[in-house]
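This report goes through a structural model part by part. The sequence and structure come first.

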There are 4 protein chains.
Amino acid sequence: MYHFRNDYAEGAHPSILQKLLETNLEQQAGYGEDIYSTEAKAILRQKMNHPEAVIYFISGGTQTNLILISSLLRVHEAVISAQTGHIAANETGAIEATGHKVIAVPATDGKLQPADIQSVMDAYALRPHVVKPRMVYISNATETGTIYSLAELEALSAFCKAHQLILFADGARLGHALTAASNDVRLEDMARLTDAFYIGGTKNGALLGEALVFGKPELADEVDYALKQKGALLAKGRVMGIQFLELFRDDLYFDLARHANRMAAKMAQAIKAKGFSFLSEPTTNQIFPILPKALIEHLSTQFAFYIWKEIDADYAAVRLITSWATDEQMADAFIEAMNQYTNNGK
Amino acid sequence: MYHFRNDYAEGAHPSILQKLLETNLEQQAGYGEDIYSTEAKAILRQKMNHPEAVIYFISGGTQTNLILISSLLRVHEAVISAQTGHIAANETGAIEATGHKVIAVPATDGKLQPADIQSVMDAYALRPHVVKPRMVYISNATETGTIYSLAELEALSAFCKAHQLILFADGARLGHALTAASNDVRLEDMARLTDAFYIGGTKNGALLGEALVFGKPELADEVDYALKQKGALLAKGRVMGIQFLELFRDDLYFDLARHANRMAAKMAQAIKAKGFSFLSEPTTNQIFPILPKALIEHLSTQFAFYIWKEIDADYAAVRLITSWATDEQMADAFIEAMNQYTNNGK
Amino acid sequence: MYHFRNDYAEGAHPSILQKLLETNLEQQAGYGEDIYSTEAKAILRQKMNHPEAVIYFISGGTQTNLILISSLLRVHEAVISAQTGHIAANETGAIEATGHKVIAVPATDGKLQPADIQSVMDAYALRPHVVKPRMVYISNATETGTIYSLAELEALSAFCKAHQLILFADGARLGHALTAASNDVRLEDMARLTDAFYIGGTKNGALLGEALVFGKPELADEVDYALKQKGALLAKGRVMGIQFLELFRDDLYFDLARHANRMAAKMAQAIKAKGFSFLSEPTTNQIFPILPKALIEHLSTQFAFYIWKEIDADYAAVRLITSWATDEQMADAFIEAMNQYTNNGK
Amino acid sequence: MYHFRNDYAEGAHPSILQKLLETNLEQQAGYGEDIYSTEAKAILRQKMNHPEAVIYFISGGTQTNLILISSLLRVHEAVISAQTGHIAANETGAIEATGHKVIAVPATDGKLQPADIQSVMDAYALRPHVVKPRMVYISNATETGTIYSLAELEALSAFCKAHQLILFADGARLGHALTAASNDVRLEDMARLTDAFYIGGTKNGALLGEALVFGKPELADEVDYALKQKGALLAKGRVMGIQFLELFRDDLYFDLARHANRMAAKMAQAIKAKGFSFLSEPTTNQIFPILPKALIEHLSTQFAFYIWKEIDADYAAVRLITSWATDEQMADAFIEAMNQYTNNGK
């Protein structure tokens, strides 16, 4: 049984483990003050062409989201998210637990546009009886696999600046977004156009770790306290520093994401060739084909994946996720199983 | 320059890295549902002779503390800690950030006794104008290197039970406590006498990870939600499961702690032999000798350690910490440097 | 300019002020332990036929909501509300500020039915990645002036009991609900069918004050702490005790609400007679007629009220609120102004 | 039985009730936008010679403290208080419930001096492992009846400014402080030397209400949101506006406090004349004489007061509180009872 369930089923890219081994017995300073974290940050700043960026490594996405959001908002301020946004849908009220409302907006393809934000601001005008929208949270790639174009990001950034809104981008799958075939956003655009964003390691080759980047360093001035307070300051910060160093030293990070995208595209293409459609246009490493239920059942005997959404009596959408570790032979096997089944007239 | 500054300066015990490598490309379920986490928990339950214990792996101590405490207390309830307790002194208000007062008690040797708790309850009697003390937080070993005897733990446990107080033990250095020469507490006593406690991995051979154990499973009924909410549910939970499996499969955990204690004892003995005294009786892997400042300055040229407390014009207490990774040759070198210096009549 | 803007534009019913005067210089115990609070609670218990009910007086609705909700929910638990519910729409994130998500449900006429709750529970099934729905918050009368029938309340109560959900009713305008012409719910039904509810004083004749009632006394066991913690324990609790005593000694509370409803009904009837329709069926003291904009403009020169919702180029809905203090001559004047204007062929 | 237990045993000064009656049926805007609140604020600004001061009326002290503190601190920031401070000792963890640590300092006579603050800052230097001290909370008069001199306030203010610390003064008994015989602080000094402070109404003649004053208006920019969020925005804000208008229109506030102080001074003088000493020098309306237990028992048959502290086998300190409403005949009766008893050789 091979899994296309998620992009965190395997461990880390072997070169990361190798580097952990090599450096294992060196004595290093704790709490992210080790030389590997320092070097990884320097490389990241260089790659995003932003020498003043402030960077912290944090073990997971929910923790990164809640630290960033709670350390920048005042008690009466709220964050706007697409309804599908991870903070709105999948984090067990993590943001509310820090005291802030998440204003969830129904949004096409999981993306927020200036008009969505404007609607929220219109709806939240009756000061002081409503919260003050103060931050916009987006994901790139989104939870439905779509990505922002540069023009969209520019527009959103300009709108947020004009309305004193902090723009924060969740990049749990940023690698997959930035290496998508249709992408025109660069890492430095993320740093330039957002106030803060993060680069997800966990879903792209690391054991754990997300790199939280403040393009506006003044926003980061005291976030080190928040990291400690929320339990995110790992004693052995080297574990994350070494991983990001390996991932970004030679663009391994992007190579891994490209592989994941290529595997997804290969499967998507084969599925399209059979005439099936998708919930959203396949773009990154998450694809949502709409398949006959009988075919789904057949494929399920060999491959593990989530049934995402009932479409009608005969069809359902499934979610297939590939990763840096996806074995191309298994992607081929999936395609082969589908083709055989459909060719047999079923 | 060799460090005796902390017990998290190195990576992980090599057999842990080896196991991470071996299992790296296996596809495993996420969020702690992998077979390694499952197996590690089974072994831990067996070792603590407590088949019903509920166990979660969490990346660090602060996070473990804040999850346990905030998920068990109601809004008006407070936790009692020694003033030196980690939650009172070193976690940037992590517990208060979840809404709860930490009642800090001056306590001999970092330990709480029933009389300390009784004093707090007497002082917090004017309901409803004061918080309700509801939990007792202890550390074993304590932040000053001391340990609880079985009799002390039994007394504390009985007192807490009689007063409807939850007893929670921070075991960031539990291995060092349970393997101390003077210790008479077993792992199963911890499970039996507390309501919850944790077994620290980070400071005893793991890259990261603490095992939170609920001896009273009914207290753990919904703590999985809190783990996710506070960002503690690592996608690749296998990373911690594998580590605890390696640490407890063959008692490696205790062997490593024993080594750390032996190194500290060796250094303590040599220091005593020179006639120096200690802030508290050397017991585990943290020792606090009171040394002449000139000697401290001399040793500082070769070894890194913290100056803990000014004693008088001529003397200061320093903190020396050993670990599973401490090189015995370096402990010997420290002793040699001290002896040479003092033998030269300084 | 006469106001139909809200039901808190005047002070208190004169007999309340009279009683405050009479008792003014008596020395009374503080913090709600005065004899008037005690007597008011006894009368309320009798009127709701529930000798075990636990009752607290709190200065306002938002505070009552946040105390009740935050003191009963655990960190990962959430409250379900209609989208129009006060906690969802008008309290500046008060509930989120205590750490809990408000799950807002689009709901007909501002009311929740079992099917609405079931939908939420279905949507929040992916434990532990989502909050746990644990409480249902309803308002009676609702924010749109509608009320629950006894059958609806019975059904909701049974559903909540069957699903371990706490049922809490906001009764800021409970008087208006229970005296509505179409109402079949009694005060004792509120106590019997909810776990907790409150009886609003501020909007029905008091200077300030809501009576929070726990029909299930075990839920109230430690809520006194929460009252103090949230700043709701007024030193001169007598101020609220005296008011509720006056309001309930001889059913003044219901008389006042009946007057408000009668004024609204009179206006509604006249508006209907002119052929205008309503956003929702006029039931209590808030009515939402849909009027020609020219008429609205005309009426606005003499009367103050809110324009609630744009309907089309020619029509808008307005909100008219009456109260215990509404002067019938002014209601008549409003009707007269409308009639004159429309009779003049406009 | 006459009470010297607290200063909130009676209702309000009669002229306040009179004004509530007179204005009762006027229609006024809600939420503090009424003309009485507006006028009261104008008068207060004039009396404190500070035209830019921003003022809000809030129903009680705990609520005022928690709103001010939580709306100005970031997640990792803490407030420093004397151990006897109300937020540290008597508010059921209200500040911690908003997420912030209260750093409690043992302090002579309930007062904080710059050296106390400096000590805290020295102790909280290990960033980011400790909270950041960011606010200083003082009370004037203090919880033990003492007051700050102008020189002390000037020094504290300068120290706070120099260290970027917000200075906030709890004035639940500010009237008693500013009218004490030994006082040299004026209302305008409070506005000039603190960043925010409040003027307590509840304990000096009002039914309820504290006036929160921001001497630094920029700190108040969005506090209206916080007021609503914490449930402090009373629908009938007029109730507090009218009271403060009456209290400050003609300095009634200070006359009332002067009476309370005079009653306390009269009793203190008589007690001193009998040779008894005090826990702290009698200054305002709270005095703490140390009396023989037999005398205490005798007085308790006629007068109610708190026994504050056991001194030895024969003596205890009691707390006597006078107020604007204290009947001078009753103060005389107390003195008489004491004198008779002691004159009888007991």
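The text below covers the domains and sheet of one chain, one residue in it, and the contacts between chains.

**Domains of chain A**

The model is predicted. Chain A is divided into two parts: domain 1, made of residues 2-6 + 253-343, and domain 2, residues 14-251. Their C-alpha centres lie 28 Å apart. Where the two domains touch, domain 1 of chain A contributes 16 residues and domain 2 of chain A contributes 19 residues. On the domain 1 side, two elements of chain A give two or more residues each, α12 (252-273) and β9 (286-287). The most comes from α12(A), with eight residues. By class, this side of domain 1 of chain A has eight nonpolar, six polar and two charged residues.

**The sheet of chain A**

An open sheet of seven strands is found in chain A, with the order β2-β8-β7-β6-β5-β3-β4 and mixed pairing. The edges are held by β2 (54-58) and β4 (102-105) of chain A; each has a single partner strand, so one side of each is left without a neighbour in the sheet. From one strand to the next, the twist averages 20 degrees.

One pairing in this chain can be followed to the residue. Strand β3 (residues 77-82) of chain A runs parallel to strand β5 (residues 132-139) of chain A, and five bridges join the pair. Ile80(A) has Val136(A) as its bridge partner in β5(A).

**Glu96 of chain A**

Glu96(A) lies in helix α5 (residues 94-97) of chain A. Is Glu96(A) buried or exposed? Glu96(A) has 27 C-beta neighbours inside 10 Å. A residue is counted as buried at 20 or more such neighbours, so Glu96(A) counts as buried. The C-alpha atoms of Glu96(A) and Ala78(A) are 9.4 Å apart, with the two residues 18 residues apart in sequence.

Leaving aside neighbours within four places in sequence, Glu96(A) is in contact with residues of chain A and of chain C. Lys101(A) and Val102(A) are the partners from chain A. From chain C come Glu96(C), Gly99(C), His100(C) and Lys101(C).

**Contacts between chains**

The residues given to three contacts are set side by side here.

| Contact | Residues from one side | Residues from the other side |
|---|---|---|
| Chain D with chain C | 39 residues from chain D | 40 residues from chain C |
| Chain B with chain D | 15 residues from chain B | 15 residues from chain D |
| Domain 1 with domain 2, chain A | 16 residues from domain 1 | 19 residues from domain 2 |

In the contact of chain D with chain C, 39 residues come from chain D and 40 residues from chain C. On the chain D side, α1 (14-22), α3 (61-72), α5 (94-97) and α10 (223-229) each supply at least two residues. Among the elements of chain D, α1(D) gives the most to this side, with four residues. The chain D side divides into 18 nonpolar, 17 polar and four charged residues.

How are these two chains related? Chain D is superposed on chain C by a rotation of 180 degrees with 0.0 Å of shift along its axis, at an RMSD of 0.0 Å. That is the relation of a two-fold axis. Of the interface residues of chain D, 100% are also interface residues in chain C, so the copies meet through the same surface.

The contact of chain B with chain D takes 15 residues from chain B and 15 residues from chain D. The chain B side is made up of six nonpolar, seven polar and two charged residues.

Conventions:
Residues numbered from 1 in each chain as written. Chains lettered and ligands numbered in written order. Predicted model: local features only at pLDDT ≥ 70, side-chain atom pairs only at ≥ 80, totals over all residues. Contact = placed C-beta atoms within 7 Å. Nonpolar A, V, L, I, M, F, W, Y, C, P; charged D, E, K, R; others polar. Domains from an automatic or database assignment. Pairing = 2+ DSSP bridges. Axes fitted to C-alpha atoms, helices over the stretch in contact; angles between N-to-C directions. Buried ≥ 20, exposed ≤ 12 C-beta atoms within 10 Å, placed from the backbone. Least-squares fit on C-alpha atoms with pLDDT ≥ 70 in both.
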